[in-house]
Amino acid sequence: MSHNTTEVLTGGLVLAAAIGFAVYAGQVAGLSTAGSGYELTASFRSLEGVGVGTDVRLAGVKIGTVTGVDLNADTFRADTRFSVLEGIQVPDDSSVIISSEGLLGGNFVEVMPGGSPYNFEPGDEVLDTQGAVSLISLLVKFVSGSGGDS
């Protein structure tokens, strides 16, 4: 009987570890609803390296996540929805930029706050955006000499 008890305890431990891993993976992927907030939208020329679950940061601090990305067939731009944590007010003259974590790091959405006394309301669209800059295209311009001064 002790052999069966050991197997049940081992199985329970493995099951608990699997559930813990699933909860952790859901939180990392941004699937958690804890700390809900409000949603804003923005349209980018290039959304390279950004997808659903990507961090939204202000002053380097995570304030939300990207919740949706769609291609606008009329404008050929990437329409993006992102959440901002409740209690964080973003001025309505702020800009949203696709930034890089470094030379080998990934991209994230950065909110550059403005100075307006008025804030975005849930569902508003951020009009001042800057898409991702392709490192490869910059290197090609530099190597070919077409990106420098004459």
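How many helices and strands does the secondary structure of the chain come to? In this predicted model, the count is two helices and eight strands, and these elements follow one another along the sequence in the pattern α-β-β-β-β-β-β-β-β-α. The eight strands form an open sheet of mixed pairing, and the points below take up that sheet, the strand S2 within it, the helix H2 and the chain as a whole.

**The sheet**

- The order of the strands across the open sheet is S7-S1-S4-S3-S2-S6-S5-S8, with pairing that is mixed.
- Strand S7 (125–126) and strand S8 (129–130) stand at the edges of this sheet, and because each has a single partner strand, one side of each is left without a neighbour in the sheet.
- In a regular strand, side chains alternate between the two faces of the sheet.

**Strand S2 and its two partners**

- Strand S2 (residues 55–58) runs antiparallel to strand S3 (residues 61–72), to which it is joined by four bridges, and one residue of this pairing is Asp-55, whose bridge partner in S3 is Thr-65.
- The pair S2 and S3 forms a hairpin with two residues between the strands, and in the turn Ala-59 has a positive phi of about 55°.
- Strand S2 is also joined to strand S6 (residues 107–112), in this case by two bridges and in a parallel arrangement.
- Along the pairing with S6, Val-56 stands opposite Val-109, while Arg-57 stands opposite Glu-110.

**Helix H2**

- Which part of helix H2 (residues 135–144) is buried, and why does the helix lie largely in the open? Of its ten residues the number buried is zero, so helix H2 lies largely in the open, where a residue would need under 20% relative accessible area to count as buried.
- Just after H2 comes Gly-145, which takes a positive phi of about 85°.

**The chain as a whole**

- The chain has 150 residues, of which 27% count as buried.
- Its accessible surface comes to about 9,900 Å², and carbon and sulfur atoms account for 61% of that area.
- When contacts in the chain between residues at least 6 apart in sequence are considered, 61% of them join residues at least 24 apart.

Terms used
Residues numbered from 1 in each chain as written. Predicted model: local features only at pLDDT ≥ 70, side-chain atom pairs only at ≥ 80, totals over all residues. Heavy atoms only, no water. Buried < 20%, exposed > 50% of the residue type's maximum accessible area, 1.4 Å probe, protein only. Contact = heavy atoms within 4.5 Å. Areas by Shrake-Rupley, 256 points an atom, 1.4 Å probe, with all protein chains shown as cover. Pairing = 2+ DSSP bridges.
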